[in-house]
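Here are my comments on the model you sent, set out as numbered points. I have kept to what can be read from the coordinates.

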Amino acid sequence: MEYITVENLKKSYTIYKRKKFKREKKEILALNGINLKIKKGEFLGYIGPNGAGKSTTIKILTGIMEPDSGNVKIDNFCPWKDRKKYVKNIGVVFGQKTQMWWDLPVIETYNLLKDIFKVKDFKNNLEYLIEKLNLSEILYHPVRQLSLGQRMRAEVGACMIHDPDILFLDEPTIGLDIISKENVNNFLKELNEKGKTIFLTTHDLKDIETLCNEVLVLNKGNIVYKGDVNNLKNITDMPTTMKIFLKSPPKDFKLIKELNGEYLKEKKEITLNIKSDGVAKIAEKIFKNYEVEDFKVTEPGIEEIIKEIYK
């Protein structure tokens, strides 16, 4: 059974541009009837260029905003209609927009959230978060005195005080140093292994590869891909590059020409650009026809693939 269901979700905005002495009205379509199904326990990466509709989607899924049309069911709740009951089971981090009280120490924000959400096992939850997110050094500092990286760790802790089942995380590792980022990512992996459903928005594609079971790519208000991170390359025509290093110069160039390959005489090297699903068959042909010393296969990276999709 699907845990999150989104059907034909649409949202548009009206903006006004000044042109000489007049104001021109323009409608921006943020979401163009998107459909989405997510199972409980998924770790979904949500990516897209600026203005693609990512933030709009998150605001609707967290109940902050109503769509123009469409339906959303998350754990049998409609986020904007059942907001009071629904928010008890979600945790949210909105990038650089803090949910903490600016002039209070971090621990006081946590105490306030404990009362708001009526957290029963607060002591154990707090100890767990302090250990996993290394919060002891900043717990009694006012939020305004924290660096961006320190505050983001505290924000992730704040969203988990009431131990929700669903997390919506918008750039949760922004501003973190390498070690802190690794700790937060390990923490998120652990939460997902415990059955938490996590919706991650980030521009760091390495985080997507490291953390997510699936990735969803949004562009101009439309979902252009949802599926396994490793299969993302199949939606573009970007080739896989195969380099074959020969023991001796080839006697016959027929196969190289047939595969539209290039031969570099000085290095005794054949270069082929092929589809990723054809690597095994072509490698077999090469080994049958030439004396191979070594070969190397390079697939396009996720960053290159995403850039290609956005074009």
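1. I begin with Thr 98, which touches Arg 151 and Glu 155 once residues up to four places away in sequence are set aside. Please keep in mind throughout that the model is predicted, and that these contacts are therefore computed from predicted coordinates.

2. As to its setting, Thr 98 lies in the loop between β5 and α3. With a relative accessibility of 31%, Thr 98 counts as partly exposed, because that class covers values between the 20% limit for buried and the 50% limit for exposed residues. Thr 98 and Leu 272 are 174 residues apart in sequence, and their C-alpha atoms are 50 Å apart in space.

3. The loop between β5 (90-94) and α3 (106-117) is also the place of Trp 101, a residue that is partly exposed at a relative accessible area of 37%. Together with Leu 104, Leu 112 and Ile 116, Trp 101 forms a nonpolar patch on the surface, and the accessible area of these residues together is about 330 Å².

4. Turning to the strands, an open sheet of three strands follows the order β2-β1-β4, and its pairing is antiparallel. Its edge strands are β2 (22-39) and β4 (69-74), each of which pairs on one side only. From one strand to the next, the twist averages 25 degrees.

5. Within that sheet, strand β1 (residues 2-19) is joined to β2 by 15 bridges, and the two run antiparallel. As one point of register that can be checked in the coordinates, Tyr 13 stands opposite Ile 28 in β2.

6. Is strand β8 (residues 214-219) enclosed or open to the surroundings? Five of its six residues are buried, so strand β8 is largely enclosed by the rest of the structure.

7. The pairing of β8 deserves a separate comment, since its two neighbours should be read with their directions in mind. Strand β3 (residues 43-47) is joined to β8 by four bridges and runs parallel to it, with Glu 214 in β8 as the bridge partner of Leu 44. Strand β9 (residues 222-228), by contrast, runs antiparallel to β8, and six bridges join the two.

8. Finally, β8 and β9 form a hairpin with two residues between them, and in this turn Lys 220 has a positive phi of about 55 degrees. Asn 219 stands opposite Asn 222 in β9, which gives a reference pair for anyone inspecting the hairpin.

Note on methods: Residues numbered from 1 in each chain as written. Predicted model: local features only at pLDDT ≥ 70, side-chain atom pairs only at ≥ 80, totals over all residues. Heavy atoms only, no water. Patch = residues over 30% accessible without salt bridge, like charges linked within 9 Å, V, L, I, M, F, W, Y side chains within 5 Å. Areas by Shrake-Rupley, 256 points an atom, 1.4 Å probe, with all protein chains shown as cover. Salt bridge = Lys/Arg side-chain N within 4 Å of Asp/Glu carboxyl O. Buried < 20%, exposed > 50% of the residue type's maximum accessible area, 1.4 Å probe, protein only. Pairing = 2+ DSSP bridges. Axes fitted to C-alpha atoms, helices over the stretch in contact; angles between N-to-C directions. Contact = heavy atoms within 4.5 Å.
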